[in-house]
Amino acid sequence: MDAAPRIPPLAPPYAPELQALLERMTPPGAPDLLALFRVLAHHPQLAERMTGWGGFLLGRRAALPLRDREIVIARVCALCGAQYEWGVHVAAFSEQAGLSPDQQAAIANPQDTLAALSPRDRLLVRLCDALQETATVDDALWSELAGEWSTAQLIELLLLAGWYRAISYVCNAARVPLEPWAARWPERVSASPATPRRT
């Protein structure tokens with residue numbers, strides 16, 4: 001992402017209330033206050049309310065296993081061309097989620113055959129692709145999904161995909177600068193949104 005940020009991330013020194021908010025937003029172990037959060041902090045009331053929802057989706061009370069969650073987040077961000085958020089999640093969570101570099105690359109490439117993924121993982125990718133293309137899920141795919149995930153998990157999957165589409169909008173339109181430590185697209189993936197392959 002070479003273009004200058006449209007909404008530059010806030011820089012220190014921060015007012016005490018804003019410093020506290022940014023620290024609450026930043027996950028443990030992050031090398032620094034994330035640029036995305038420093039962009040959102042231009043609207044602190046909204047940022048504060050987003051923190052609870054985002055924290056739930058990524059926290060221990062969520063119904064989805066880590067691997068499922070990270071596949072959905074990575075695929076949605078890849079389909080939206082949101083390298084910032086894709087790269088942060090790959091760097092922070094892919095190893096813990098058990099996603100190999102080949103699997104990460106497959107999820108990031110809308111034209112990949114997905115041979116590196118298990119049938120269950122491919123279902124999640126198909127869900128993301130369907131939502132991206134049609135904003136719904138056909139009966140056949142829904143039946144397959146319902147055979148693997150509970151009703152609560154299905155609701156969470158839909159909201160997770162929608163949440164990271166919204167996050168992708170912010171990353172792309174505000175031109176959030178990439179974190180130095182975050183992953184970058186595999187070579188074969190363009191940093192612009194791509195049409196998912198049909199399944």
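## Salt bridges in a predicted model

Seven salt bridges are counted in this predicted model. Side chains of opposite charge can pair when their charged atoms come close. A pair is counted here when a side-chain nitrogen of Lys or Arg is within 4 Å of a carboxyl oxygen of Asp or Glu. Among the pairs are the three in this table.

| Acidic residue | Basic residue | N to O distance |
|---|---|---|
| E48 | R24 | 3.3 Å |
| E70 | R69 | 3.0 Å |
| E144 | R126 | 3.0 Å |

The salt bridge between E48 and R24 has an N to O distance of 3.3 Å. E48 belongs to helix α3 (residues 44–58) and R24 to helix α1 (residues 16–25), so this pair ties together parts that are 24 residues apart in sequence. E48 is partly exposed, at 43% relative accessible area, and R24 is partly exposed as well, at 48%.

How far apart are the closest N and O atoms of R126 and E144? They are 3.0 Å apart. This pair links distant parts of the chain, with R126 in helix α7 (residues 119–134) and E144 in helix α8 (residues 139–146), 18 residues apart. R126 has a relative accessible area of 24% and is partly exposed; E144, at 36%, also counts as partly exposed.

Are E70 and R69 buried or exposed? The relative accessible area of E70 is 3% and that of R69 is 7%. Buried means under 20%, so both residues are buried.

Salt bridges can also join into a network, as they do among D68, R120 and E148.

Key: Residues are numbered from 1 along each chain as its sequence is written. This is a predicted model: local features need pLDDT of at least 70, side-chain atom pairs count only at pLDDT 80 or more; totals for chains, interfaces and linings use all residues. Side-chain values use heavy atoms; hydrogens and water are left out. Helices (H or I, at least four residues) and strands (E, at least two) are DSSP runs, numbered from the N terminus. Buried means under 20% relative accessible area, exposed over 50%, partly exposed in between (1.4 Å probe, protein chains only).
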